[in-house]
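Got your viewer open and the model loaded? Let's take a walk through the chains, one selection at a time.

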Amino acid sequence: MNKVGIVSYGSYVPRYRIKIEEIAKVWEEDPDEIKAQSQIHSKSVPGPDEDVATMAVESARNAISRWKGKENDIGAIYVGSESHPYAVKPTATIVAAALDVEKTLTAADLEFACKAGTAGMQMCFGLVKSKMISLGLAIGADSSQGRPRDPLEYTAGAGSAAFLIGSENIIAELEGTYSVTTDMPDFWRREGAVYPSHGVRFTGQPAYFKHTIDASKGLMEELGTKTSDYQHVIFHQPNAKFPQVAARMLGFSKEQVELGLICKQMGNAYSASSILGFANVLNHANPGDRILLTSYGSGAGSDSFSFTVTESINSIRPYKYDTQYYLNQIEYIEYGKYARFKGILR
Amino acid sequence: MEPPKIWREKRGKYLAIGIECSDCMTKQFPFTENCTKCGSENVKEYKLATTGKILHFSIVTQTTDEMMSSTPYLIAIIELDDGVKITGQIVDCNLNEVKEGGDVRMVFRVLARNGTEGLIRYGYKFAPI
């Protein structure tokens with residue numbers, strides 16, 4: 001069987017941030033209690049001229065820039081998001097044009113709450129492995145919405161991560177992938193609704209934890225691996241607490257989960273959440289390291305992946321505009337400006 | 001802006017593609033069928049450099065309806081690393097911190113939205129490095 005894996009990757013996080021204290025001040029809530037619950041201190045906010053298409057393009061351009069291959073070989077582009085700028089008109093075609101890779105390719109927008117990015121990765125892995133294409137581009141991007149005063153308003157951030165998937169010059173080889181999917185009424189947004197609704201505490205045990213743990217366990221059982229085989233593990237990050245609890249439940253240490261836990265600084269980037277953590281791990285991982293990545297999308301499902309980092313990773317690092325670059329670019333804004341940027345003020 | 005115009009300008013706005021004259025070697029932006037310096041039709045597509053320096057800038061406070069929600073914003077003339085001069089908006093910056101001579105790089109942003117139901121126009125802007 002031919003090998004398949006990640007050949008390059010790119011990140012993007014908007015520079016604007018709003019602190020938990022700033023939101024809590026408006027609603028006269030206790031910021032310390034919210035921070036203790038979420039372990040997030042600020043969230044990223046897209047600028048007024050940013051949306052899922054612009055963030056997807058920026059992350060994809062970073063994936064292409066650091067890589068030495070030919071982007072014209074891209075045979076598929078999938079953009080996973082729950083906040084595509086158009087209801088009808090694909091984000092993926094905008095990305096294709098902005099990368100100058102129109103027109104002999106297949107493309108589509110995907111939606112599966114916070115796991116549409118990893119769904120696109122699976123599709124690219126399948127197409128490359130079956131030799132239908134030589135190179136695929138999977139992107140997870142979101143400009144997530146949280147209703148004012150809803151608990152989500154404190155954590156719903158924005159960002160994008162892009163992965164070039166191929167079979168040559170692989171930097172992280174795919175060992176296996178395993179998915180769990182059920183019909184779960186934990187989080188939803190009806191057609192035409194501006195803000196999502198959720199089942200509050202119901203989003204935890206039967207939803208996030210059940211799917212994340214079952215997918216991770218299922219993959220490790222299938223591959224015959226154990227937690228100690230992995231240097232890094234990344235889970236979906238609706239807050240910083242959930243992935244740490246999931247890691248503990250599976251038997252991973254704090255050290256194994258730490259590097260991928262980027263939501264503390266930028267909130268939950270929904271479709272980009274777990275894969276931005278994965279990108280940050282790839283920025284630091286050594287050849288031979290094994291990485292477990294498990295996404296979670298409400299509704300609900302989890303995709304779990306096992307990767308081994310190869311020597312080729314050194315050919316695309318260091319790169320200036322990596323995840324850390326964007327995490328370090330920070331301009332804190334007040335709630336008034338946040339309300340204007342998010343379209344709350346019209 | 002009408003759909004055909006948005007479609008026609010796509011490569012210029014998304015990719016900053018101009019021309020290079022094969023006779024006088026002048027690089028120009030935006031794309032034209034003829035070299036604006038020597039008139040030659042012997043021109044080919046040329047992708048501009050993506051980094052440069054701010055030569056001059058101005059803060060815009062009064063503009064068209066579709067851009068009013070973005071004011072105040074900053075418009076600059078940028079000299080790219082390949083010598084081509086281009087006009088563009090500077091984003092991701094505090095207006096009072098931008099300086100002539102400052103280094104910038106091209107980024108992909110929304111140029112304008114036609115209300116809540118019309119088309120969204122995308123293209124290049126510049127961010128400080």
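Here is a short tour, starting with one whole chain and ending at single residue pairs. Keep in mind as you click around that this is a predicted model.

**Stop 1: chain A as a whole.** Select chain A and show it as a cartoon. You'll be looking at twelve helices and 14 strands. Switch to the C-alpha trace, and it spans about 60 × 45 × 40 Å along its principal axes. The radius of gyration is 19 Å, which agrees with the value near 20 Å for a compact globule of 346 residues. Of those 346 residues, 55% are buried. Now think about contacts in chain A between residues at least 6 apart in sequence: 78% of them join residues at least 24 apart.

**Stop 2: where the chains touch.** Bring up chain B too. The contact takes 15 residues from chain A and 13 residues from chain B. On the chain B side, pick out α2 (10–15), β7 (103–113) and β8 (120–128), the elements that give two or more residues each. β7(B) gives the most, with four residues. Color that side of chain B by residue type, and you get eight nonpolar, two polar and three charged.

**Stop 3: from β7 into its neighbors.** Stay on β7(B) and add β4(B), residues 51–60: the two strands pair antiparallel over three bridges. For one of the partners, select B:Lys53 and B:Asp103. Next, add β5(B), residues 73–80, which runs antiparallel to β4(B) and is joined to that strand by eight bridges. Finish by selecting B:Ser58 and its bridge partner in β5(B), B:Ile75.

Conventions
Residues are numbered from 1 along each chain as its sequence is written. Chains are lettered from A and ligands numbered from 1 in the order in which they are written. This is a predicted model: local features need pLDDT of at least 70, side-chain atom pairs count only at pLDDT 80 or more; totals for chains, interfaces and linings use all residues. Two residues are in contact if their C-beta atoms, placed from the backbone, lie within 7 Å. Ala, Val, Leu, Ile, Met, Phe, Trp, Tyr, Cys and Pro count as nonpolar, Asp, Glu, Lys and Arg as charged, and the others, Gly among them, as polar. The radius of gyration is taken over C-alpha atoms; the globule rule is 2.2 Å times the number of residues to the power 0.38. A residue is buried if 20 or more other C-beta atoms lie within 10 Å of its own, exposed if 12 or fewer, and partly exposed in between; C-beta atoms are placed from the backbone. Two strands pair if DSSP finds at least two bridges between them.
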